[in-house]
Amino acid sequence: MAEPAPRQLHLGYMYWLNGTHWGGWRLPQAATPDAFTLDYPSKVLRIIEDAKFDFFFLGDTLPGDVYREHYGTTHNGGRLEPFTLASQLALQSSKIGLAVTAHPTFYEPFTLARLTASLDHLSGGRLAWNVVLGANDLAARNFSLPDLGGESRYRRAAESIQVIRRLWDSIEDGAYLQDKETGQYLDPTKIHRLEHQGEFFSVAGTLPMRRPPQGHVPLLYAGASELSRELTARYCDINFTGPSRLEDSAAFNADIRERARRLRGKDEPIFFLPGITPVIEDTREGAVHLFDRLNDGLPVDADPVEGDQTEDYYASEGFRALVTQRGPLPLGARSLRSIGERIGVDLRPVGLDGVVTPELAAGFGESGRRLLSLIKERTDRTVEAGTVRGKDLLHNSIGGGFPLVIGTPSDVASTLVEWFDKDAADGFNIQSPFMLDQLELFTSQVVPILQDKGVFRTDYEADTFRGHFGLPVPPNQFAEEVSR
Ligand SMILES: Cc1cc2nc3c(=O)[nH]c(=O)nc-3n(C[C@H](O)[C@H](O)[C@H](O)COP(=O)(O)O)c2cc1C
């Protein structure tokens, strides 16, 4: 009997115009593309389809304030609308999946059902929808809304998904008879009206389109709160939340799988593809050096030691909330002064190039100790060895993007395989710290190692998004109701 095929790892590529490291675009070798032409994303598409990636991922947040938010990621400085871009990318590719991000708060379900079904048809079943609920309330004001809706946006998303799935199902396969003899164009028994009345939406009709090739376009989601866990467990096929530690990720995945069994009443596969940004060089030292150069390009406060805000600002509740939260720090909180507030020790006397002494580090609170262990993992620098500098604390606490793996192609491949083997991941949503060299290093040097290990395909075996994951086309809900 033939050996069962080894479990295969899945790779998505998260396309961020300038990569995910906030200082990456400033390196001399980084591409500075025109965000508003097709040339550049086509180039990226070609590279990753040649490398047999599962999908090209178009993330999307609508910034409330383009100028302020571009200091976080240049991705928020402006880019093309994802459905429009994906429709062009579909024409330029034949196998790779296309994951498009859309916020259900900003669309009527009928519009979203129509956009996604059209693109699934035009791409031959290669579309997935990344359901997001993020960005800030200021973004909502572009859509005649005062805010994102707080907790109600999770209920709105759930209702939206249910309505959209019924809309996708509303014209069954085989409904288009186009029978010239009888004059029957459509089979009325295969066409269904929704008559949906819910908390957020009322939708009466039929989506004027045959069911998409994948039946239901697969859904992606990221988010770790209780409400996010329930949403993803109930509806989603792929999750890419990506807790940064292996053990946390394995526990997160097990929790979602358990919830999914309970909420769906059956065992359906959910794939976990944490986001990860490999920083790749020929040697570990070279990769750490590259990481330092990336960090030197980070936008920090005009006075990165003393800070450049007023005393009132540093005394405010808002500042306190900022430095105690774990998320990325905005400008105005990117100085040794601000980081010191977070850690509980005044770091200003250290300066950017001074060394953190064991005496000083002994006063660090929990967030400071966490930061030191992150710095050690990323760079091998330790307080004991006298190699942690003030700027290491500053740069590594600004945050943003996804977990980093810093090292040689073989280091990166080993980390990915370790996560995969220990059920912390079924694959990865790969990003690059800057474009395009780092992407090409990943596809030319890391992917072949994964292929040699037998965990990643050397050629496509399917040509739909579901096909790449072995996900079956779900039954049509209306057809099931009729046959009951
Ligand atoms: C890894 C990751 C990527 C995300 N990408 C986006 C995005 O592209 N656009 C967006 O509006 N929100 C994005 N979000 C936010 C989520 O859609 C969601 O609003 C958030 O994770 C909810 O978090 P919570 O329920 O855990 O508090 C992302 C979240 C995570 C964790």
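Where does Leu-436 lie? Select it and look at what flanks it: Leu-436 is in the loop between β14 (427–430) and α17 (437–452). Keep in mind as you go that this is a predicted model. Now show the backbone of Met-435 as well, since the peptide bond from Met-435 to Leu-436 is cis, with omega near -15°. As background, most peptide bonds are trans.

**Zoom out: the two domains**

Colour the protein chain by domain. Domain 1 takes in 10–279 + 408–483, and domain 2 is 283–398. Put a marker at each C-alpha centre and you'll find 34 Å between domain 1 and domain 2. Where they meet, domain 1 supplies 12 residues and domain 2 supplies 15 residues. On the domain 1 side of that contact, colour by class to see five nonpolar, five polar and two charged residues.

**The ligand**

Next, select the ligand and bring up its surroundings. There are 19 residues around it, and the closest are Gly-134, Ala-222, Gly-223, Ser-225 and Ser-228. Colour this shell by class too: seven residues are nonpolar, 11 are polar and one is charged.

**Helix α8, one side at a time**

Now pick residues 246–264, which make up helix α8. The helix has 19 residues, and from its first C-alpha to its last it reaches 27 Å, close to the 27 Å expected at 1.5 Å a residue. Show the side chains of Ser-249, Phe-252, Asn-253, Ile-256 and Ala-260, which are buried. Look down the axis: these residues cover an arc of only 95°, which puts them on the same side of α8. The spacing fits the general rule that an α-helix has 3.6 residues a turn, so residues three or four places apart point the same way.

What do the buried residues of α8 pack against? Add α7 (226–235), β10 (238–239), β11 (271–272) and α16 (409–421) to the view, and you have their partners. Then spin the helix round: on the other side of α8 sit Glu-247, Ala-254, Glu-258 and Arg-262, which are exposed. Step just past the end of α8 to reach Gly-265, which has a positive phi, near 70°.

**Over to helix α15**

Move on to α15 (390–398). How many of its nine residues are buried? The count is nine of nine, so to speak a full house, and the helix is mostly covered. Buried residues here include Lys-391, Asp-392 and His-395, as well as Leu-393, Leu-394 and Ile-398. To see what does the covering, show α9 (284–296), α12 (336–343) and α14, which are included in it. After α15 comes Gly-399, with a positive phi near 80°.

**Two loop residues: Val-383 and Arg-348**

Walk back from α15 along the chain to Val-383, in the loop between α14 (366–379) and α15. Val-383 counts as partly exposed because it has 19 C-beta neighbours inside 10 Å, and the buried class starts at 20. Draw a distance from Val-383 to Thr-357: they are 26 residues apart in sequence, but their C-alpha atoms are 6.2 Å apart. Leaving out residues up to four places away in sequence, Val-383 touches Val-356, Pro-358, Ala-361, Leu-372 and Val-388.

Next stop is Arg-348, in the loop between α12 and α13 (358–361). Arg-348 has 14 other C-beta atoms within 10 Å, so it is partly exposed. Draw another C-alpha distance, this time to Leu-336: the two residues are 12 apart along the chain and 5.7 Å apart in space. With residues up to four places away set aside, Arg-348 touches Val-305, Glu-306, Leu-336, Arg-337 and Gly-340.

**Last stop: two backbone oddities**

Most residues other than glycine have a negative phi. Two to check against that are Lys-52 and Gln-178. Lys-52 has a positive phi of about 70° and belongs to the loop between α1 (39–50) and β2 (55–58). Its 19 C-beta neighbours inside 10 Å make Lys-52 partly exposed.

Is Gln-178 buried or exposed? Select it in strand β5 (residues 176–179) and count around it: Gln-178 is exposed because it has 7 C-beta neighbours inside 10 Å. Its phi is positive too, at about 45°, although Gln-178 is not a glycine.

Definitions and conventions:
Residues are numbered from 1 along each chain as its sequence is written. Helices (H or I, at least four residues) and strands (E, at least two) are DSSP runs, numbered from the N terminus. The expected span of a helix is 1.5 Å times one less than its number of residues. A residue is buried if 20 or more other C-beta atoms lie within 10 Å of its own, exposed if 12 or fewer, and partly exposed in between; C-beta atoms are placed from the backbone. The arc is that of the directions from the helix axis to the C-beta atoms. Two residues are in contact if their C-beta atoms, placed from the backbone, lie within 7 Å. Domain bounds come from an automatic or database domain assignment. Ala, Val, Leu, Ile, Met, Phe, Trp, Tyr, Cys and Pro count as nonpolar, Asp, Glu, Lys and Arg as charged, and the others, Gly among them, as polar. A residue is near a molecule or strand if its C-beta atom, placed from the backbone, lies within 6 Å of it.
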